[in-house]
Amino acid sequence: MTLPGRFSWIALFLALFSMFSLGQAAEAKRPNVLFIAVDDLNNDLGSYGHPLVHSPNIDRLAKRGVQFERAYCQYPVCNPSRSSFMTGLYPEQTGVLSNAGVFRKRHPDLPTLSQHFMNNGYFAARVGKIYHYGVPLQIGTSGEDDPASWNKVANPIGIDRTELEPISTLVEGKYGGTISWRIIDGRDEDHTDGKGALNAIQIMKKHHPDKTGKPFFLAMGFFRPHTPYVAPAHYAKLYPLNKINPLMEKPGDRDDIPSVGLHDRPHQRELTVAKRKEIIQAYYASITLMDACVGKLMDALDELKLADNTIVVFFSDHGYHLGHHGLWQKSDLFEGSVRVPMIISVPGTKQGGKKSASLVELIDLYPTLAELCGLAKPTHLKGKSIVSVLDDPAKTVRDAAFTVTRARGKMPSGTKGPKPLGRTIRTDRYRYTEWGQDGKFGLELYDYQGDPGEYTNFAKRKGNEALIKKMQAKLHATRAYTR
Ligand SMILES: [Ca+2]
């Protein structure tokens, strides 16, 4: 290269300098991401048509974005689900198939979702529960965090952790794995989630892209409505007990369900109607508390003039039963346990307020957010970008959604060994489930067209052999990319 003379060097310097600042400007213009992960939230929300639940802020978000009617988790328990959507791998690929274990053991150098954003010039922060936390005991700590995923973390702690004794519970001294609840007078800010929302707003202010020149990826992990359902009385009042009609177990419903697929925790099946109402009231009041916190974040985006350049993602790590099939909580493979709410709001979209019936998986979030923000998609990702669905909610990118879980129910009599994995696919119309290799421990087939409550297991009825064979081939085909 020949650049004789002082002026040429100055010209070169200026050219390089302007390229550098243009690059910086482009970086600062990349959208921010507000990534809201909720713990143990099912689809009982106003925007999903629930007649009772008050979720005005989530409903407001749904009007700005696209709401997914058929979004599914990849494993219906916290740690495996969270490890999956944060890595972009299926649970059998992360190696995390229970609440114990960390994906770093198998994938020490893998860039997680937020880490990929950090590697591309973003500031990434976590507030509350994104990776696994033992709730409530680990609240206020970093839980089972992945430090490489964040520039900054905040670990709020409120009365739902500091005052455990007054909490009602089905198993004395236990508040996390069992149903437990408490309604208490006081402010939202007394609760971990209320404090968490304030932490998140502080982070948005302090690390505002106008100040830092860097876009942010802010992950807000709400703890409610996970047990203990500790919620303010002003939200419980919205749910008078006489308005709550618990879904009771239908006689004979379980006769055709493989026993391994039914996970009953102590004292849940025999709950009285009165107790069920009290429990559901607290679960719903916890949802409304979390919803109010979502509202605070949305208001802050507006006040800080961030709304026009911030993508908001809202979803839950898995679903939640409140008595359907006699089940409570999670970890089974029914619709109630594996279906999740999911809303994605992209600034400037023409699709605000639309609902999409496309099948989507939580594992699709990683490639979708990367694409929306103009980042390359790491080659290890197994999910699919749903940007085309966000542009046209009638589009579809997959014909089946996959979920796996470790069986927690009773093994069939005469069988030995460890509890098998159950794998399921949800298609447009059906759900097909195999417990153990080739369904050795049971098969299930539900037809949502005529049986939305999954009361008839067609795998146990004659005359469905051809359909079972077809669904079996479809489930087995997922092995090519899910393990
Ligand atoms: Ca959870």
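**View 1. Strand E6 and its partner E8.** Four bridges join strand E6 (residues 180-184) to E8, and the two strands run parallel. Strands are paired here if DSSP finds at least two bridges between them. Helices (H or I, at least four residues) and strands (E, at least two) are DSSP runs, numbered from the N terminus. Arginine 182 stands opposite valine 230 in E8. The model is predicted: local features need pLDDT of at least 70, side-chain atom pairs count only at pLDDT 80 or more, and totals for chains, interfaces and linings use all residues. Residues are numbered from 1 along each chain as its sequence is written.

**View 2. The open sheet and helix H10.** The sheet is open and has three strands in the order E5-E6-E8, with mixed pairing. Strand E5 (168-169) and strand E8 (229-232) are the edge strands, each pairing on one side only. Helix H10 (residues 273-303) packs on the sheet and touches E6 and E8. The direction of H10 makes about 65° with that of E8; axes are lines fitted to C-alpha atoms, for helices over the stretch in contact, and angles run from 0 to 180 degrees between N-to-C directions.

**View 3. Domain 1 against domain 2.** The protein chain is assigned domain 1 (30-391) and domain 2 (403-482), with bounds from an automatic or database domain assignment. Taken over C-alpha atoms, the domain centres are 26 Å apart. In domain 1, 27 residues are in contact with 27 residues of domain 2 (contact: C-beta atoms, placed from the backbone, within 7 Å). Helix H4 (91-94) and helix H11 (335-338) are the elements that give two or more residues to the side of domain 1 that touches domain 2.

How values were computed
Two residues are in contact if their C-beta atoms, placed from the backbone, lie within 7 Å.
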